[in-house]
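I opened my notebook to look up pockets and helix packing. Here is the model I worked from.

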Amino acid sequence: MRIAPPKFVQWLFPDIVWRIEDEDGIYITFDDGPTPGVTEWILATLKKYDAKATFFVLGKNVELYPDLYEKILSEGHSVGNHTYSHQKGWGMPVERYVEDVDFASDRVHSNLFRPPYARITSSQLRVVAQRYKIVLWSVLTFDYKATLRRETCLRNATKGLRGGDIILFHDSAKSFKNMSYALPRLLNHAKQLGLKCRAIEL
């Protein structure tokens with residue numbers, strides 16, 4: 001599903017990256033990992049299609065599964081900070097939110113950041129944007145919805161796909177049913193369109 005940010009949101013938050021200027025490349029991203037069993041499957045699938053992606057990882061999961069984190073990097077993918085403990089920024093003091101982001105940065109060495117649920121206040125954003133490139137998305141697959149049919153997840157990922165799109169999947173057990181169906185088909189669709197799957201480097 002294409003999520004076009006309202007113009008006033010883009011004006012208020014010019015530091016947020018929703019798309020990337022790239023005519024022949026797309027940017028597949030995975031939130032919430034690394035996750036044993038799921039991350040390995042994603043990496044094997046990406047390798048099969050010679051595709052690169054970006055993993056917005058949780059600091060606590062990197063702490064639990066450092067070998068998986070290193071495997072992501074060793075296979076040429078990029079990583080981003082997704083907070084330490086998957087915090088929703090709304091209703092949370094700025095200092096506490098930033099502390100959680102910084103705690104993750106001790107384990108996740110990247111200048112990229114994605115706020116969980118895209119729930120970040122303007123005050124939090126101003127502080128975080130001083131140190132990170134904040135990356136959201138232009139295509140939301142809704143792979144995490146248990147009631148969503150996997151065919152719908154695929155349609156969300158592929159409908160109107162074009163160069164510069166940032167596609168959001170999840171590296172989690174909850175999303176695996178839909179994501180594992182949609183990802184290889186998306187990769188094949190992108191190949192047919194002549195689109196390269198690239199890692200985000202800003």
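My entries on two pockets and one helix pair follow.

This is a predicted model, so I kept in mind that local features need pLDDT of at least 70 and side-chain atom pairs count only at pLDDT 80 or more, while totals for chains, interfaces and linings use all residues. Residues are numbered from 1 along each chain as its sequence is written, and side-chain values use heavy atoms, without hydrogens and water.

**Pockets.** I looked up the largest pocket (an open set of points on a 1 Å grid over the protein atoms alone, where a 1.4 Å probe fits, with protein on both sides within 12 Å along at least five of seven lines). Its space is about 330 Å³, a volume filled by probe spheres set on the points. I found 17 lining residues (an atom within 4 Å of a point). Asp-32, His-86, Tyr-117, Tyr-144 and His-170 lie nearest the centre. The lining has seven nonpolar, seven polar and three charged residues. Here Ala, Val, Leu, Ile, Met, Phe, Trp, Tyr, Cys and Pro count as nonpolar, Asp, Glu, Lys and Arg as charged, and the others, Gly among them, as polar.

I then took the second largest pocket, with about 280 Å³ of space. It has 12 lining residues, with Trp-90, Tyr-117, Ala-118, Arg-119 and Leu-136 nearest its centre. I noted 11 nonpolar residues, one charged and no polar.

**Helices.** I checked H2 (residues 38-48) against H8 (residues 176-193) (DSSP runs of H or I, at least four residues). They pack at about 10°, axes 10 Å apart, with axes fitted to C-alpha atoms over the stretch in contact and angles running from 0 to 180 degrees between N-to-C directions. H2 is therefore roughly parallel to H8 (under 35 degrees). The contact (heavy atoms within 4.5 Å) includes Trp-41 of H2 and Leu-183 of H8. Its residues are nine nonpolar, two polar and no charged.

Definitions and conventions. Helix = DSSP H or I, 4+ residues; strand = E, 2+ residues; numbered from the N terminus. Parallel < 35°, antiparallel > 145°, perpendicular 65-115°, else oblique.
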